[in-house]
Amino acid sequence: MLVSMELHRIIISDIRDQQVVYLREINGDRSFPILIGLFEATSIDRRVRQVPQPRPPTHALMKGMLDELGAVAQDVVINNLIDHTYYAVIRVMKEGEIIEIDSRPSDAIALAVQFSPSLPIFVDDSILDQVA
């Protein structure tokens with residue numbers, strides 16, 4: 001079962017290699033952190049804070065490519081946790097068919113926030129059970 005989540009918090013550290021995003025269950029109490037890289041954390045943070053960019057950053061480029069190719073991004077699903085590594089897919093509608101594009105969760109979330117409103121973020125319930 002997929003659980004609807006929201007981006008709750010971004011922590012950017014100047015002294016660590018890994019940054020953190022927290023996802024929180026929309027209709028519940030569960031939340032969990034995902035360690036991400038500085039580039040992805042900065043991309044998410046800038047978009048959430050609506051900092052103007054003179055040129056499209058990578059995740060805005062991804063959105064633009066989807067738009068130009070006639071694909072409609074549906075949502076992001078964090079669907080697996082193996083050896084402390086999260087896996088995700090970006091689900092895209094193209095010509096009436098849902099296509100799942102393999103992605104790191106950090107890139108999927110960074111793409112999700114490029115949309116207004118943001119794409120829905122889902123997490124497989126079994127992952128929330130594992131990290132609780």
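## Exercises on a predicted chain

Buried residues (under 20% relative accessible area with a 1.4 Å probe, protein chains only) make up 39% of the 132 residues in the chain. This is a predicted model, in which local features need pLDDT of at least 70, side-chain atom pairs count only at pLDDT 80 or more, and totals for chains use all residues. Residues are numbered from 1 along each chain as its sequence is written, and side-chain values use heavy atoms, without hydrogens and water.

**Exercise 1.** List the elements of the chain from the N terminus on.

*Solution.* Take helices as DSSP runs of H or I with at least four residues, and strands as runs of E with at least two. The chain then has four helices and seven strands. Their succession is β-β-β-α-α-β-β-β-α-β-α.

**Exercise 2.** Determine the strand order of the sheet and its edges.

*Solution.* Two strands pair if DSSP finds at least two bridges between them. The seven strands form an open sheet with mixed pairing, in the order β3-β2-β1-β7-β4-β5-β6. β3 (31–36) and β6 (97–103) each have a single partner strand, so one side of each lacks a neighbour in the sheet.

**Exercise 3.** Describe how β5 and β6 pair.

*Solution.* Strand β5 (residues 85–94) runs antiparallel to β6, with seven bridges. For Ala88, the bridge partner in β6 is Ser103.

**Exercise 4.** Compare the radius of gyration of the chain with the globule rule.

*Solution.* The radius is taken over C-alpha atoms, and the rule is 2.2 Å times the number of residues to the power 0.38. The chain's value of 14 Å is close to the 14 Å that the rule gives for 132 residues, so the chain is as compact as a globular protein of that length.

Definitions and conventions. Buried means under 20% relative accessible area, exposed over 50%, partly exposed in between (1.4 Å probe, protein chains only).
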